[in-house]
Amino acid sequence: ALVPVCLGIIVTFYADADVNWTGTFWASLAVIANSFYTIWGKTKQQELGVTALQILTYQAPVSAAMLVFTLPVMDNVKELVTYHYTGFSYGVILLSCIFAFGVNFSF
């Protein structure tokens with residue numbers, strides 16, 4: 001699980017040259033939350049005696065539903081809809097999805 005996190009940090013530093021304390025705080029909080037999530041997921045996997053993909057199959061829709069309700073509160077939806085996506089944007093989004101899947105699959 002450490003490799004996807006390190007690769008994510010490298011991609012973030014490459015894509016965003018503006019590093020500040022607010023971003024560092026939120027990034028650190030994200031790493032801590034992901035660590036707790038990974039520990040919890042592995043514990044549940046062992047407790048239930050299932051594979052990582054079985055846990056992910058049931059957990060992913062619940063997480064997606066929770067995120068849909070937090071999106072209007074946390075993000076500017078109008079700006080997201082009107083954003084001009086480029087090939088690079090799609091590539092970074094796809095790379096983020098692959099890393100997220102890798103972290104979840106690594107239980």
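## Helices and overall architecture

A helix is here a DSSP run of H or I that covers at least four residues, with numbering that starts from the N terminus. By this criterion the protein, which is a predicted model, has five helices and zero strands. Read along the sequence, the elements follow the pattern α-α-α-α-α.

The C-alpha atoms fill a box of roughly 45 × 25 × 25 Å, taken along the principal axes. The protein has 107 residues, of which 12% count as buried; a residue is placed in that class when its relative accessible area is under 20%.

## The second largest pocket

The second largest pocket holds about 330 Å³ of space. It is lined by 10 residues, and those closest to its centre are Tyr-37, Gln-59, Ser-63, Ala-64 and Leu-67. Which helix gives the most to this lining? Helix α3, spanning residues 52-74, does so with eight residues.

In chemical character, the lining of the second largest pocket divides into six nonpolar and four polar residues, with no charged residue.

## The nonpolar surface patch

A nonpolar patch on the surface is formed by Leu-71, Val-77, Leu-80, Val-81, Tyr-83, Tyr-85, Tyr-90 and Ile-93. Together these residues have about 740 Å² of accessible area. Helices α4 (77-82) and α5 (87-105) each supply at least two residues of the patch, and α4 gives the most, with three.

Tyr-85, another member of the patch, is located in the loop between α4 and α5. How exposed is Tyr-85? Its relative accessibility is 31%, so Tyr-85 counts as partly exposed. Membership of a patch requires over 30% relative accessible area, and the 31% of Tyr-85 therefore meets that cut-off.

## The salt bridge in helix α2

The count of salt bridges comes to one, under a rule that requires a side-chain nitrogen of Lys or Arg within 4 Å of a carboxyl oxygen of Asp or Glu. The partners are Glu-47 and Lys-44, whose closest N and O atoms are 3.2 Å apart. Both residues lie in helix α2 (residues 21-48), three residues apart, which is about one turn of the helix.

Are the two partners buried, partly exposed or exposed? Glu-47 has a relative accessible area of 53% and is therefore exposed, the threshold for that class being over 50%. Lys-44, at 30% relative accessibility, counts as partly exposed.

## Separations along the chain and in space

Two pairs of residues relate sequence separation to distance. Glu-47, in helix α2, and Phe-25 are 22 residues apart along the chain, and their C-alpha atoms are separated by 33 Å.

The other pair begins in helix α1 (residues 2-15), where Val-3 lies. Val-3 counts as exposed because its relative accessibility is 57%. From Val-3 to Asn-20 there are 17 residues in sequence and 24 Å in space, C-alpha to C-alpha.

Definitions and conventions:
Residues are numbered from 1 along each chain as its sequence is written. This is a predicted model: local features need pLDDT of at least 70, side-chain atom pairs count only at pLDDT 80 or more; totals for chains, interfaces and linings use all residues. Side-chain values use heavy atoms; hydrogens and water are left out. Patches are made of residues with over 30% relative accessible area and no salt bridge: like charges are joined within 9 Å, nonpolar side chains (Val, Leu, Ile, Met, Phe, Trp, Tyr) within 5 Å. Accessible areas come from the Shrake-Rupley method with a 1.4 Å probe; for residues, only the protein chains shown count as cover. Buried means under 20% relative accessible area, exposed over 50%, partly exposed in between (1.4 Å probe, protein chains only). On a 1 Å grid over the protein atoms alone, a cavity is a set of points where a 1.4 Å probe fits but cannot get out, and a pocket is an open set with protein on both sides within 12 Å along at least five of seven lines; lining residues have an atom within 4 Å of a point. Grid points are joined across faces, edges and corners, and a volume is the space filled by probe spheres set on the points. Ala, Val, Leu, Ile, Met, Phe, Trp, Tyr, Cys and Pro count as nonpolar, Asp, Glu, Lys and Arg as charged, and the others, Gly among them, as polar.
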